[in-house]
Amino acid sequence: MNLTLKVWRQPKGGAAGRFVTYEAKDISSHMSFLEMLDVLNEGLVKKGEDPIAFDHDCREGICGMCGFMINGSAHGPQRGTTVCQLHMRHFKDGDVLTLEPWRSAAFPVVKDLIVDRVAFDKVIQAGGYISVPSGSAPEANLTRVPKPDADLAFEAAACIGCGACVAQCPNGAAQLFTSAKVSHLGLLPQGQPERSQRAVRMVETMEAVGFGSCSNYTECEAVCPKGISVSYIARMNRDYVLAKLDGVTREPARSAKGGG
Amino acid sequence: MILDAKIPPGPMADKWTNQQSHQKLVNPANKRRFTIIVVGSGLAGGAGAASLAELGYNVKCFCYQDSPRRAHSIAAQGGINASKNYRNDGDSTFRLFYDTIKGGDFRAREANVHRLAELSVNIIDQCVAQGVPFAREYGGLLDNRSFGGAQVSRTFYARGQTGQQLLLGAYQALSRQIAEGRVEMHSRSEMLDLVVVDGRARGIITRDLVTGKIEAHAGHAVVLATGGYSNVFYLSTMAKGSNATAIWRAHRRGAFFANPCFTQIHPTCIPPSGEYQSKLTLMSESLRNDGRIWVPRDPKETRRADQIPESDRDYFLERQYPAFGNLVPRDVASRAAKRQVDEGRGVGEKKNGVYLDFAEPTQRLGQPVIEERYGNLFDMYEKITGENPYKVPMRIYPAPHYTMGGLWVDYNLESTVKGLFVAGEANFSDHGANRLGASALMQGLADGYFVLPYSVSNFLADYLSEKVTTDHDAFRATEAEVRGRVERLLKSRGKRTVDSFHRALGKIVWDECGMARNAEGLRRALKGIAELKQAFETDLTVVGGGEELNQTLERAGRVEDYFELAALMCRDALHREESAGGHFRVEHKTPEGEAARDDEKFAYVAAWEWTGAGKEQVLNKEPLTFELVKPSGRSYK
């Protein structure tokens, strides 16, 4: 099949960008979307032109590195799929596709279709962990975890941190991403001691690093390649509100340690 | 040169405890005076960086991805082994140790493997405490499944995403340390060389992949945890960015490269569909718990799989290896599948695969159970092939997956360059000539959480008063070399793209140094690699500049290093006149066609020493001695 691609080209962060039109010819329906771009890029390099820069790594839909908008839809038209797992059999000859990077204030463009998602790392650094230094863990089967809780935690933990949720949200909100981690850890008995603090720190950091507010469009769930449910957002909001009612703040109250 | 593995004294089961009890320590107040460089943020690097920072060291961690959460450990699917014996089925430290040594075809170092088996149980404890959502039973306890090469159920798993969950655990521990200010994280940053001062690793030279800035970083010790080199085959299960540049550049600075020809071909991957194929996707070994592998008996078979009656099918693994059946180790399963395809019984449009069939277990257990166990793998298969594996059998074929070879390290994970530690897949140490399933995650985390904190501390204790800085001639010289190399590559104005060279190189290595090797083919490969490298030097084209994000330039540097690595792989394969694990020399096989080892001549680690550009590496040997197990024929019948 032959396709027309309108691709966002921007040499670097802060620079002006524009759409450039390319013709992708003789595309096999077995190719992945990124393989189609590989073929296009090979042609550009042979002509001495700068290839289209896009992020990708595992190409198995698990590392979360790839992702861009295809005709306004994060990761393209197929549900539950990262762009590296999207195959050309879902397109037809003559299709015109517009490719652009994630558009969000918190994800500045680095080059072409590549954005900077360091804001996600900052949200995790704010509290998306259970504090357990290496070597200090008790025997694993000491704490039983009811299977429904474990399964629900797993489904939240499946988040790959790709940023599609933010990109699709009209507000550029990161509630789905943040709530997935808050819920994963908050559902497990191991996560209880830091649960309130975690919710407060992650939510407030999320707001501080430039993500928008959630107004329940739920477009995030629709484009999430791992199908993470917006019900986790409700769970996070509950944790957050309860923590605030308890007077929990972002900075932990440091208990005075005795001198020695 | 005599290679001293520095194996601690005492009986095998006490060696690690003895080492821990007698090693040198750095007191807590002094730890902050040290800086440790960790390259790579996967299971070994991420866990290592977090654990070292928790101890109080300053850590600088580097990864080429945009976030440490994306390291390729994340793609591991099936599980992680530990000898917890929760199943009451006879597992023990010794049995895990034994299975791993035997699985590696008696080409691994006993002491390292024993330590790995001992630490396996601590890893599970650590991960569960971090909140890794392992699969559980209805009673709330941890669940297990079986993997190849073992007759016990010792594999812990999180559906088909075990690597992801373990990596996110390490990433979260690392994130905590970044927030505490103990780890300085450098993402989108690639190590391009190692700086050696007076025989000691003292830093690295990196390129910022966004700005192109070349930077020098100094530390008291350097840890490489940069993974394996399967992308030398071009088509492999590795991430596209995975590369060998860090370990190869360290090799050129004096770190010996051990057993490069020991590479693992994974039996269950989706067969390639065309020339444009950019990578191969693994279907987890765990599928072999329930899935049954078969081919039609008749090479001219044209019926659909579900219309071929039982009598016309050959379940060749169950037939050839009744004791282990579909769960034979990877090297054995891969070669068996290759034989079927070579003899014309392959399935699919290109006749380049064998069936992995779930019809019988689906009938026996019901589709919901199969979905629960393998749902995400089935979905992934359908996305890639457009076929529904609940209805038609999967088609699978072996593909390059893991590399057992890597930089030589002693018991403390220290390479032949003082102060340079190598962890995880990047080293050679624990899997011999073949790795068993669910053991890579175990080794990465054992190295990261539990071995590096001890061995790096023990090393640093001698250098308390030492200050490190990049203000040294060795830094300036190495940085200048790196700049020169980048500039040289940028001037490439030939006609061929980097990828076309990489594909051509991969084809040579796959054809001649893949699942089956012979002397003639290996010599042909060496000649072909040399010719291709010459063409690379004159006909490569690189577009764009150095002071910007330039993915073509990144790939050019990586592929250039693969040429030298590929040549060393072939030379190692040529010199090893035996078959062992993943290294199958067709000249050396048993009458039944299985790998025939030669323990008399080849029970050693081949550690290759760089002697200068354009010269052949020199072979050094570390003899392997076996105290606890007696090398025997490796039968899975």
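**Two chains meeting, two helices packing**

Me: In this predicted model, how many residues of chain B are in contact with chain A?
Reply: Let's look at both sides of the meeting place. Chain A brings 66 residues to it, and the number in contact with them from chain B is 64.

Me: Which helix supplies the largest share of the side of chain B that touches chain A?
Reply: Helices that each give at least two residues to this side of chain B include α3 (43-55), α5 (110-130) and α6 (162-179). The largest share is 9 residues, and the helix it comes from is α6(B).

Me: How many residues on the side of chain B that touches chain A are charged?
Reply: Sort that side by class, and you find 25 nonpolar and 25 polar residues. The charged ones number 14.

Me: Are α3(A) and α5(A) roughly parallel or antiparallel to each other?
Reply: Helix α3 (residues 147-157) and helix α5 (residues 175-186) of chain A pack with their axes 8 Å apart, at an angle of about 150°. Angles over 145 degrees count as roughly antiparallel. Therefore α3(A) and α5(A) are roughly antiparallel.

Me: How many charged residues are in the contact of α3(A) with α5(A)?
Reply: From α3(A) come A:Ala153, A:Ala156 and A:Ala157, while α5(A) adds A:Ala180, A:Ser183 and A:His184. By class, 4 are nonpolar and 2 are polar, and the charged count is none.

Me: Where in chain A does pLDDT stay under 50?
Reply: Chain A averages a pLDDT of 95, and 97% of its residues score at least 70. One stretch has 0 contacts beyond four places in sequence, and pLDDT stays under 50 there: residues 256-260.

Conventions
Residues numbered from 1 in each chain as written. Chains lettered and ligands numbered in written order. Predicted model: local features only at pLDDT ≥ 70, side-chain atom pairs only at ≥ 80, totals over all residues. Contact = placed C-beta atoms within 7 Å. Helix = DSSP H or I, 4+ residues; strand = E, 2+ residues; numbered from the N terminus. Nonpolar A, V, L, I, M, F, W, Y, C, P; charged D, E, K, R; others polar. pLDDT = per-residue confidence, 0-100. Axes fitted to C-alpha atoms, helices over the stretch in contact; angles between N-to-C directions. Parallel < 35°, antiparallel > 145°, perpendicular 65-115°, else oblique.
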